[in-house]
Every structure is written in C-alpha cells, then in structure tokens.
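Fire up your viewer and grab a coffee. Here are a few exercises, each with its solution worked through step by step.

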Amino acid sequence: MPSDYAYVALFAAIGVAFIIATLVFSWFIRPSDPSPEKLSTYECAEEPVGPAHVQFRVGYYVFALIFVIFDVETVFIYPWAVLLRSFARNGMGMFAFVEMVVFLGILLVGLGYAWRKGVLRWE
Amino acid sequence: MSGDFGSVIGPVAPEIILCVLGLLLLVAGMFLPAHRKATIIFWTCLVGLGTALCSCVMVLAAIALSPEPLQMPNWLGATLRVDEFALVLKILINLATILTILISPEYIQHRLTAGRSEYFPLVVFAALGMTLLVSATDLITIYVAMELTSLVSYVLVGYMKRDPKSTEAGMKYFLVGAASSAIMLYGMSLTYGMTGATDLASIRRAIAELGSPEPMVLVGLILMVAGFGFKLAAAPFHMWAPEAYEGGPTPIVALISVGPKMAGIAVLLHVLEIGFPEIRDHWSALIAAIAAISMVLGNLTAIPQKNIKRMLAYSSIGQIGYILIGVASLPQSMNDWRTSGIIVYLLVYAFMNIGAFAVVTAVSNAGLSDDIEDYRGLAQSSPLLAVALLVFLASLAGLPPTAGLWGKALIFGAAIYSGFTWLAVVGVACSVVSVFYYFNVVRVMFFLKATTPHTFRNTHLLTAGIIIAITGTLFIGVYPEPFIAMARVGQDIVAAR
C-alpha cells in the first residue's frame with residue numbers, strides 16, 4: 001500500500017517542480033520591455049474601465065441560481081430518458097415516470113415561486 | 001409493480017407529508033390575500049406538522065406490532081433505515097418543530113419586516129432534512145439531508161435582514177458550516193476510497209475484510225466525526241454556536257439548538273454502529289474526548305456570560321457533551337439498557353431547551369433585551385414566565401423533580417457501567433458548576449427588583465407552547481418509566497442485515 005502513495009507524492013513533486021522550472025526558465029530568456037499598454041489589464045481587447053472591485057447587481061446571482069437549477073435538471077433528465085425504455089421492459093416504467101414527474105413538479109414550484117416574486121423581471 | 005407503491009410510500013410517509021406541506025405553504029404564501037395569509041399559513045403548518053407526527057406514530061406502531069421485519073425495496077432500504085430508533089427520533093423532531101411554530105408568530109410579527117410567509121415553509125424544510133437525517137444510512141443521503149438542514153438553518157439564523165447581529169450570525173454560521181461540510185465530505189471520500197462503498201453496511205463488511213484497522217480508515221472516520229461535531233456544536237467544533245444563538249431569531253434558535261442535535265446524534269450512532277463497529281475502541285475514545293472537552297468548556301464558559309442566549313448557547317455545548325458520554329459508552333450489543341439513556345436525554349432536552357428559549361422569546365416580545373440584567377424582577381411582573389424558566393433551568397442543571405435528572409442519571413450510569421468512570425466524574429462535576437450559572441438567572445429573576453415595570457401580554461399560542469414544555473419536563477421528571485420503556489424499543493439499532 002505505501003508504494004501507491006509514493007506515486008502520488010512523486011506526481012505532486014514533479015508537478016510543483018515543472019511549474020517552478022518553467023517560470024524560472026522563461027524569466028531568464030524573455031525580453032523585458034514594459035510599456036503602459038502592456039501593463040494594463042486585459043479586458044477582451046477593450047479599454048479597461050475602472051477597478052474590478054465594484055458591487056454587482058444581486059440580480060445576476062438569482063439568474064445564475066435559476067440557470068443552475070435547470071442545468072442540473074437536464075443532467076438528471078438525460079440519463080433518465082435514455083434508461084426509461086429498459087425500466088419499462090422490467091415493469092418499472094410507470095414508477096420511473098412518476099418519480100421524474102415528482103422531481104419536475106418540485107422544480108416547477110420553485111420556478112413558479114421565483115416568477116411570482118418578480119425575479120425574472122429585469123429593469 | 002403497483003403493489004410496491006404502498007411499501008415504498010408507507011415507511012417514508014412522514015417525509016412525504018413534510019415535503020408536500022413545505023411546497024404547499026410556499027405556494028400558499030404567493031397567492032393568498034395579504035391580510036389573511038399569516039393566519040392561514042400558521043394553522044396549515046400546525047395541522048400539517050401534526051399529521052406528520054401522527055404518521056410517524058402510525059409507522060412506529062405498524063413496525064412494532066408486525067411480527068416480520070419491514071420490507072422495503074432494495075434501492076430504498078440501502079439508503080434509508082426506518083426502524084424504531086429512527087421513528088422515535090422523528091416523533092421528537094416533529095414535536096420540537098411544533099413547539100417552535102407555536103412560539104413563533106408573535107416574534108416574527110414584532111421583528112420581521114419581510115419574508116414572513118417564507119418563514120414557515122423554511123422551518124418545515126428544516127424538519128424534513130432532520131427527519132431524513134435520522135433514517136439515512138448511506139453517506140450520500142447523509143450528506144444531502146445534512147445540507148438540506150444546514151442551508152435552511154443558515155437562512156433562518158440570518159433572517160432578520162435589517163438586524164446587523166442576525167446577518168452577521170447567519171454569515172458566520174454559513175462560513176463555518178460550509179467549511180465543516182467540506183471536511184466531512186473529505187472524510188467520506190477517504191472512507192469510500194478505502195472501502196469502495198457508500199452504504200454503511202457494505203462499509204462495515206469492507207472494514208472487516210481489511211482486518212487490522214487501516215490508518216486511512218481512521219482518518220476518514222475522524223474527519224467525518226469532526227463534520228458531525230460541527231453540526232452538533234460539540235467542542236472543539238463549537239465556535240459558531242454562541243454567535244448564531246445570540247444573533248438569530250429566538251424561536252429559530254430554539255429549533256436549531258434541539259433538532260439538528262437529535263439528527264446529528266442519530267447520524268453519529270448510525271455511522272459508528274452500522275459502519276464502524278469493528279474499530280469500536282478507537283471511536284469510543286475519540287467520542288469520550290469530545291464529550292469531556294464539550295462539558296468542561298461549555299459549562300465553564302457559560303459562567304461569565306451576560307446575555308442569556310449566549311449563556312444558553314454555551315450550556316447547550318455542555319449538554320451535547322453529556323449526550324456524547326452516552327454515545328461513547330455504548331455497549332457491544334445494542335440490546336442493553338445503556339442505549340435508552342441517549343433517547344431519554346434527547347427527549348428531555350427537547351422540552352427543557354425549547355421551553356427555556358420560549359421564555360426568552362416571551363421576554364423579548366415584551367420589549368426587553370436578552371441581557372440577564374433585564375430579567376430583574378421577572379417573578380413580580382410575570383410569575384408564569386419566571387416559574388417556567390425556573391423549571392427549565394433546574395431541569396437543564398439536572399435537579400429533581402425535573403426530567404433532566406433522569407437523563408443525566410441514565411447517561412452517567414451507563415458511563416460507569418461501561419468503564420468510563422472518569423467521564424461520569426467529569427459530568428457530575430460539570431453539572432455542579434452548571435447549577436451556579438443557571439441559578440444566577442433564577443436569583444436575578446426572584447430576588448432583584450425590576451428597575452422599570454413591564455407588562456407581559458403573551459398570546460395563547462406562546463403560553464400553550466410554554467405550558468406543553470413545562471408539562472413535559474415535570475411529567476417525565478415525576479413519572480419517567482413509560483418514557484424509558486419507549487426509549488427501549490429504539491435499542492435495536494444494529495439488526496442483522
């Protein structure tokens with residue numbers, strides 16, 4: 001058993017050494033010629049506007065949360081849809097179907113709640 | 001397969017009822033007219049929780065009366081274990097939630113500016129998480145149920161959005177809780193890595209096959225126990241408790257000081273007794289150490305506290321220490337009187353701790369602060385509240401004729417019987433210390449004059465909650481036999497699989 005962990009330690013050591021070696025090597029061979037344009041923050045080739053430490057609209061987070069809910073829903077529905085036929089062959093089709101309807105129903109209540117609370121409105 | 005629906009739904013009926021109730025209340029909060037909303041949601045919640053409680057009793061009766069063991073389909077039976085032990089705890093959790101709901105309405109009317117209609121569904125979802133947790137026997141189910149309970153608790157502790165103390169408490173609770181979840185998950189992943197299984201019965205078999213205890217198995221178990229320790233607020237994992245208790249809404253503090261502890265103890269027992277009985281000597285010493293640290297640290301730090309909610313927070317850290325003595329001194333075979341001490345203590349603890357927080361709620365509803373100084377002369381201005389708090393504090397200290405005495409007697413007895421005499425000695429010493437700070441409050445209430453007189457006009461619901469808690473505390477104290485007998489049906493938590 002200990003030899004298995006030795007591999008892990010070896011990989012970790014090589015990984016750390018590789019990063020240090022590349023950084024040191026490029027530090028030696030690269031030319032150093034700084035200019036204001038090179039030193040400015042890269043913002044998709046746009047002129048940078050203001051500092052990065054600003055407050056974001058809390059609405060973004062709620063949108064992101066709702067997006068994640070439906071993302072996860074897809075992750076669950078996809079394998080379910082693939083396997084439903086084999087469930088049906090084993091006589092469990094109705095059961096699997098009801099399970100998914102319950103799951104979707106709970107999510108639907110959540111979406112309805114968010115909708116009613118005006119989360120989906122953006123002004 | 002339609003016949004299987006009954007055998008699936010029956011044992012998990014309490015969970016299904018709670019889930020439907022929570023969603024129903026959420027929808028009701030959206031569509032009901034504003035002026036009648038509060039009343040309808042409150043009573044629906046109460047009736048729903050009552051139904052869930054009744055369904056727990058019915059499942060318990062069905063299991064206790066039927067000659068053959070409960071049949072559940074394989075996929076459900078491996079993740080949830082519906083036995084007498086779990087059901088007794090589910091009854092206690094539903095009872096604790098009902099008491100919380102009873103003491104809530106007036107407080108939220110005074111303190112909450114927004115989100116009043118989401119309060120009750122969130123409490124119901126917390127109860128759902130806890131009831132799932134006491135049945136869970138698969139690491140993944142344990143994690144999901146624990147997160148459901150925790151996430152709802154974080155939100156509820158930080159529920160008073162305009163109160164800086166409440167938001168700070170919620171934030172601290174969330175950060176510490178998230179870190180502890182990560183630690184627990186790491187322990188679970190190590191356990192899975194060593195055993196190749198997530199359900200506790202398979203983990204036990206894999207550990208038995210490994211023979212001598214593998215260090216990595218021990219590390220996994222220690223990390224998991226640390227994660228559970230955070231949820232139980234056992235020292236040295238207790239740092240979040242005083243802040244969360246002081247800042248959170250008092251009825252919620254009543255719930256989170258009791259419910260997650262029951263669920264956490266159940267998970268701890270399931271993991272240790274079903275998953276890791278092969279390394280009993282190791283975890284027994286570990287739990288004994290946590291118990292001793294919790295008792296000493298909780299009870300000593302409670303002495304100088306000026307705020308009653310902080311004092312009760314440290315006292316609850318000490319209380320969880322007493323309960324952990326019971327876990328540490330569990331015998332090899334569960335068919336033994338020593339197991340029932342834990343359940344009796346949890347039952348007693350539910351009544352006395354929620355009762356104490358109910359009195360704190362009543363006092364703060366009258367416009368007083370949570371400082372012990374503000375309890376001056378409570379005996380004159382509201383004799384009912386003062387006497388109630390006296391009963392609850394006496395019970396927390398373990399004095400006769402209250403129920404706390406029996407909880408402590410059974411737990412300390414079990415410790416001595418199992419060879420943990422030193423733990424029992426520490427426990428008794430800490431109980432003596434605790435009398436000092438509990439009765440400091442009694443002294444302030446009964447022997448000091450109030451500076452300004454206050455009038456107490458409590459709703460019938462709050463009074464009902466307090467009276468139920470007093471009745472429980474005194475009745476179990478005077479006539480403990482039926483409850484010890486009830487706890488005994490929960491003994492057999494490790495049956496042959």
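A residue counts as buried if 20 or more other C-beta atoms lie within 10 Å of its own, and as exposed if 12 or fewer do. Keep in mind that this is a predicted model.

**Exercise 1.** Work out whether Y159(B) is buried or exposed, and list what it touches.

*Solution.* Start by locating the residue: Y159(B) sits in the loop that links α8 (139-157) to α9 (164-195) in chain B. Next, count neighbours. There are 24 other C-beta atoms within 10 Å of Y159(B), so the residue is buried. Now look for contacts, skipping residues up to four places away in sequence: you get L112(B), G115(B), Y119(B), S166(B), P249(B) and I252(B). Finally, try a distance: R111(B) is 48 residues away along the chain, yet its C-alpha atom is 9.7 Å from that of Y159(B).

**Exercise 2.** Decide how α7(B) and α14(B) are oriented, and what sort of residues make their contact.

*Solution.* Take the axes of α7 (residues 116-135) and α14 (residues 259-275), both in chain B: they come within 8 Å and cross at roughly 20°. Angles under 35 degrees count as roughly parallel, so α7(B) and α14(B) are roughly parallel. The crossing is left-handed. For the contact, α7(B) brings A126(B), M130(B), L133(B) and V134(B), while α14(B) brings G259(B), P260(B), M262(B), A263(B), A266(B) and V267(B). Sort these and you find nine nonpolar, one polar and no charged.

**Exercise 3.** Do the same for α16(B) and α21(B): what is their orientation, and which residues meet?

*Solution.* Here the packing angle is about 160° and the axes are 11 Å apart. Since angles over 145 degrees count as roughly antiparallel, that is the label for α16(B) and α21(B). Their crossing is left-handed. On the α16(B) side the contact uses I308(B), M311(B), S315(B), G318(B), Y322(B), I325(B) and A328(B); facing them in α21(B) are L423(B), G427(B), C430(B), S434(B), Y437(B) and V441(B). The tally is nine nonpolar, four polar and no charged.

**Exercise 4.** Check the span of α20(B), then find out how enclosed the helix is.

*Solution.* Helix α20 (residues 404-417) of chain B has 14 residues, and at 1.5 Å a residue it should span 20 Å. The expected span uses one less than the number of residues. The end C-alpha atoms of α20(B) are 20 Å apart, so the check works out. Moving on to burial, ten of the 14 residues are buried, so α20(B) is largely enclosed by the rest of the structure. Among the buried ones are W406(B), K408(B) and F412(B). Their packing partners in chain B are α16, α17 (340-365), α19 (383-397), α21 and α22 (460-478). Just past the helix, G419(B) has a positive phi of about 90°.

**Exercise 5.** Which peptide bonds leading into P236(B) and P401(B) are cis, and what is the phi of A233(B)?

*Solution.* The bond from A235(B) to P236(B) is cis, with omega near 5°. The bond from P400(B) to P401(B) is also cis, with omega near 5°. P401(B) lies in the loop between α19 and α20 of chain B, and P236(B) in the one between α11 (215-232) and α12 (240-247). A233(B) belongs to the loop between α11 and α12 of chain B too. Its phi is near 60°, a positive value in a residue other than glycine. With 27 C-beta neighbours inside 10 Å, A233(B) counts as buried.

Conventions. Residues are numbered from 1 along each chain as its sequence is written. Chains are lettered from A and ligands numbered from 1 in the order in which they are written. This is a predicted model: local features need pLDDT of at least 70, side-chain atom pairs count only at pLDDT 80 or more; totals for chains, interfaces and linings use all residues. Axes are lines fitted to C-alpha atoms, for helices over the stretch in contact, and angles run from 0 to 180 degrees between N-to-C directions. Helices (H or I, at least four residues) and strands (E, at least two) are DSSP runs, numbered from the N terminus. Angles under 35 degrees count as roughly parallel, over 145 as roughly antiparallel, 65 to 115 as roughly perpendicular and the rest as oblique. A crossing is left-handed if the near helix is turned anticlockwise from the far one by less than a right angle, and right-handed if clockwise. Two residues are in contact if their C-beta atoms, placed from the backbone, lie within 7 Å. Ala, Val, Leu, Ile, Met, Phe, Trp, Tyr, Cys and Pro count as nonpolar, Asp, Glu, Lys and Arg as charged, and the others, Gly among them, as polar.
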